[in-house]
Amino acid sequence: HVKPPPHPKGRTLPLRGIRSIKEEILARPTFFDYFDGVVVDWKYFQQRGKDLLQQEAGWIKRQGLRVIVDLTSGINLYPDLRLIDNLEEDYLASMAAVEDILSKMEIMDSHDLILSLHRSPETNFTSEQTSSSFETTLRQICKRAEAVQVNVHLRMCHGKPPWSIDSAMQLIQKVNAPNLLLAPSTALLLAREADPEAIANILKNKLGLWFVCAPDFDVAGRLWNANAPIAGHDQKDRIAEFLAIDPDAIVILDGVYKDHDEEYLDAHALNDLIQRSEE
């Protein structure tokens, strides 16, 4: 009998457009050589009843698989989820949807929820009202999440606020919830030419996870893709410097891949980056 090596800790892979978490893991025979968890879109939980999730949970727990839920695709003001109380009926429906997701996360023993902000309304709601409503809603979500031992990770996205590390940390400080953490993207930091040393102190004690991917630019030098693969990218050393800021933070391999081969190459590249960041 040969005891298998332990799974890597804190390394996760997003699963997009899936039918079954179990099927996706089994389709990747070397998955646990590189990852210990997955990121699943919120729709996966929304479209399944608690009985079905309970059936899935048995296999997932036996594998020791970490499951992270990502609300980002649904937080768009309209037609899905909104975080501001400018239309009471839509706002209450959004909060009910978040509550439903949190209750289902308990079944999967999931302890990490990712969310983003969204654009401001075009009319009848000022920027000051929008900011205040973001703070209030995040505080409410964090309070409910804390009751079920869930950390909430504020994701920085291309085209959505907060627009910088500084503004993100200011929002987190205003919300003042112990389980609200920041989830930066290495692609966006590279695109903005951020200095790892300069942001290390800003992120202290509030860095929850990293979205690891690379940026792509068009011929005019403008960012058009914030989910490019890291394998073969010319700034891997800088990505390793970002990861070294907090070696215990969860790392999500966030590239969008055309096939499993490209994904496998990035898994190798991520493994090398993490080893380099720990040296």
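Two strands count as paired if DSSP finds at least two bridges between them. With that criterion in place, I shall present this model, which is a predicted one, beginning with its strands.

Consider first strand S8, residues 214-217, and strand S9, residues 223-228. They pair in the antiparallel sense over 3 bridges. One of the residues involved is Phe-217, whose bridge partner in S9 is Leu-223. Together S8 and S9 make a hairpin, with 5 residues between the two strands. Within that turn, Gly-221 has a positive phi of about 85 degrees.

I turn now to the open sheet. It is formed by 8 strands, in the order S6-S5-S4-S3-S2-S1-S10-S7, and the pairing is parallel. Which strands lie at its edges? They are strand S6, residues 180-183, and strand S7, residues 209-212, each of which pairs on one side only. On average, and ignoring direction, neighbouring strands of this sheet are turned by 30 degrees against each other. At the S7 edge, 4 bridges join S7 to strand S10, residues 250-253, and these two strands run parallel. Leu-209, for instance, has Ile-250 in S10 as its bridge partner. Helix H6, residues 127-147, lies across S4, S5 and S6, and runs at about 145 degrees to S5.

Let me now examine a residue within strand S1, which covers residues 11-15: Leu-13. Is Leu-13 buried or exposed? Its relative accessible area is 1%, and because the cut-off for burial is under 20%, Leu-13 counts as buried. Leaving aside residues up to four places away in sequence, Leu-13 touches Arg-28, Phe-31, Phe-35, Gly-37, Val-38, Val-39, Leu-253 and Glu-263. Its C-alpha atom is separated by 9.2 Å from that of Tyr-34, which stands 21 residues apart along the chain.

A second buried position is Asp-36, in the loop between helix H2, residues 31-34, and strand S2, residues 37-41. Asp-36 has a relative accessibility of 9% and therefore also falls under the 20% limit. With residues up to four places away in sequence again excluded, the residues that Asp-36 touches include His-7, Lys-9, Arg-11, Gly-64 and Arg-66.

The final part of this presentation concerns helix H5, residues 88-107. What span should its 20 residues have? At 1.5 Å a residue, the expectation is 28 Å; the end C-alpha atoms are 29 Å apart, which agrees. The buried residues of H5 include Tyr-91, Met-95, Val-98, Ile-101, Leu-102 and Met-105. An α-helix has 3.6 residues a turn, so residues three or four places apart point the same way. The buried residues of H5 pack against helices H3, H4 and H6 and against strands S3 and S4. Just after H5, Asp-109 adopts a positive phi of about 55 degrees.

How do H4 and H5 meet? Two packed helices are described by the angle between their axes and the distance between the axes. Here the axes of H4 and H5 come within 9 Å and cross at roughly 40 degrees. H4 is therefore oblique to H5. From H4, the contact involves Lys-50, Leu-53, Gln-54, Ala-57 and Lys-61; from H5, it involves Ser-103, Lys-104 and Ile-107. By character, the residues of this contact divide into 3 nonpolar, 2 polar and 3 charged. Ser-103, Lys-104 and Ile-107 are also listed among the buried residues of H5.

Note on methods
Residues numbered from 1 in each chain as written. Predicted model: local features only at pLDDT ≥ 70, side-chain atom pairs only at ≥ 80, totals over all residues. Heavy atoms only, no water. Expected span 1.5 Å × (residues − 1). Buried < 20%, exposed > 50% of the residue type's maximum accessible area, 1.4 Å probe, protein only. Contact = heavy atoms within 4.5 Å. Axes fitted to C-alpha atoms, helices over the stretch in contact; angles between N-to-C directions. Parallel < 35°, antiparallel > 145°, perpendicular 65-115°, else oblique. Nonpolar A, V, L, I, M, F, W, Y, C, P; charged D, E, K, R; others polar.
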